[in-house]
Amino acid sequence: LPGDPTIGLPSGTAAGAMAFLDRACRHRGLRAVRADVLKLCRDLNLRSRRHHRRPYAELPAETRDTLLATVASDPRGSGRYRPQRALQTTLRIALEGYLGHPQHGGNKDGAVWTALRIPMPRSVGGGHSH
């Protein structure tokens with residue numbers, strides 16, 4: 001989630017989406033999700049090293065996008081790991097952290113909502129934070 005500095009839209013990392021994903025994956029009820037996320041990270045690094053001779057994190061954004069598109073269209077896998085499913089799950093949780101209420105640990109300081117001109121509700125009832 002690259003963000004857009006011209007309108008004050010933070011990147012996913014700056015908005016706390018990665019921290020939200022990390023906390024969510026540590027939740028006892030999400031062990032299978034954590035395993036998929038870790039396998040996805042390993043898969044991206046292996047593909048990156050195989051095709052570009054360096055870790056995924058060191059690739060230019062366009063190359064990372066191409067690699068993600070490859071994973072998104074890959075229905076194969078090994079054992080219980082399915083690249084498409086792992087990527088979809090990872091993106092859903094990251095988006096929840098990016099767009100969700102700051103009370104739940106993402107969207108740091110409501111910066112995403114502020115940039116998108118979404119009024120900040122005072123609080124969120126009923127849910128629990130990750």
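**Exercise 1. The largest pocket**

By class, how many nonpolar, polar and charged residues does the lining of the largest pocket have? Describe this pocket and the elements around it.

*Solution.* The model used here is predicted, so local features need pLDDT of at least 70 and side-chain atom pairs count only at pLDDT 80 or more, while totals for chains, interfaces and linings use all residues. Residues are numbered from 1 along each chain as its sequence is written, and side-chain values use heavy atoms, with hydrogens and water left out.

Step 1. Start with the general idea: rolling a probe the size of a water molecule over the atoms shows where empty space is left. Here a pocket is an open set of points, on a 1 Å grid over the protein atoms alone, where a 1.4 Å probe fits and where protein lies on both sides within 12 Å along at least five of seven lines; lining residues have an atom within 4 Å of a point.

Step 2. The largest pocket has a volume of about 900 Å³, a volume being the space filled by probe spheres set on the grid points, which are joined across faces, edges and corners. Its lining consists of 27 residues, and those closest to the centre are Met18, Leu21, Tyr56, Leu68 and Thr90.

Step 3. Two or more lining residues come from each of helix 1 (17–26), helix 2 (31–52), helix 3 (61–72) and helix 4 (83–99), where helices are DSSP runs (H or I, at least four residues) numbered from the N terminus. Helix 2 gives the most, with seven residues.

Step 4. Sorted by class, the lining has 18 nonpolar, four polar and five charged residues; Ala, Val, Leu, Ile, Met, Phe, Trp, Tyr, Cys and Pro count as nonpolar, Asp, Glu, Lys and Arg as charged, and the others, Gly among them, as polar.

**Exercise 2. The second largest pocket and its charged residues**

Which residues lie nearest the centre of the second largest pocket, and which salt bridge does Asp43 form with an arginine?

*Solution.*

Step 1. The second largest pocket, with a volume of about 200 Å³, is lined by 13 residues, of which Asp43, Arg47, Gly77, Ser78 and Tyr81 lie nearest its centre. Helix 2 supplies the largest share of this lining, seven residues, and the lining divides into three nonpolar, three polar and seven charged residues.

Step 2. Asp43 forms a salt bridge with Arg47, the closest N and O atoms being 2.6 Å apart; the term requires a side-chain nitrogen of Lys or Arg within 4 Å of a carboxyl oxygen of Asp or Glu. Both residues lie in helix 2, four residues apart, about one turn of the helix.

Step 3. Asp43 is buried, with a relative accessible area of 12%, and Arg47 is buried with 11%, since buried means under 20% relative accessible area, exposed over 50% and partly exposed in between (1.4 Å probe, protein chains only).

Step 4. A network of salt bridges links Asp43, Arg47, Asp74 and Arg76.

**Exercise 3. Salt bridges within and between helices**

How many salt bridges does a search of the whole structure find, and which parts does the pair Asp36 and Arg85 tie together?

*Solution.*

Step 1. Side chains of opposite charge can pair when their charged atoms come close. The search of the whole structure finds five salt bridges.

Step 2. One of them joins the side chains of Asp36 and Arg85 (3.1 Å, N to O). Asp36 lies in helix 2 and Arg85 in helix 4, so this pair ties together parts that are 49 residues apart in sequence. Asp36 is buried at 11% relative accessibility, whereas Arg85 is partly exposed at 37%.

Step 3. Another pairs the side chains of Arg26 and Asp22 (3.2 Å, N to O). Because they are four residues apart in helix 1, Arg26 and Asp22 are separated by about one helical turn. Arg26 counts as exposed at 55% relative accessibility, and Asp22 as partly exposed at 37%.

**Exercise 4. Distance along the chain and in space**

What separates the C-alpha atoms of Thr13 and Tyr98, and what separates those of Arg31 and Asp43?

*Solution.*

Step 1. Thr13, in the segment before helix 1, is exposed at 60% relative accessibility. Its C-alpha atom is separated by 8.6 Å from that of Tyr98, and the two residues are 85 residues apart along the chain.

Step 2. Arg31, found in helix 2, is exposed at 61% relative accessibility. The C-alpha atoms of Arg31 and Asp43 are separated by 18 Å, with the residues 12 apart along the chain.
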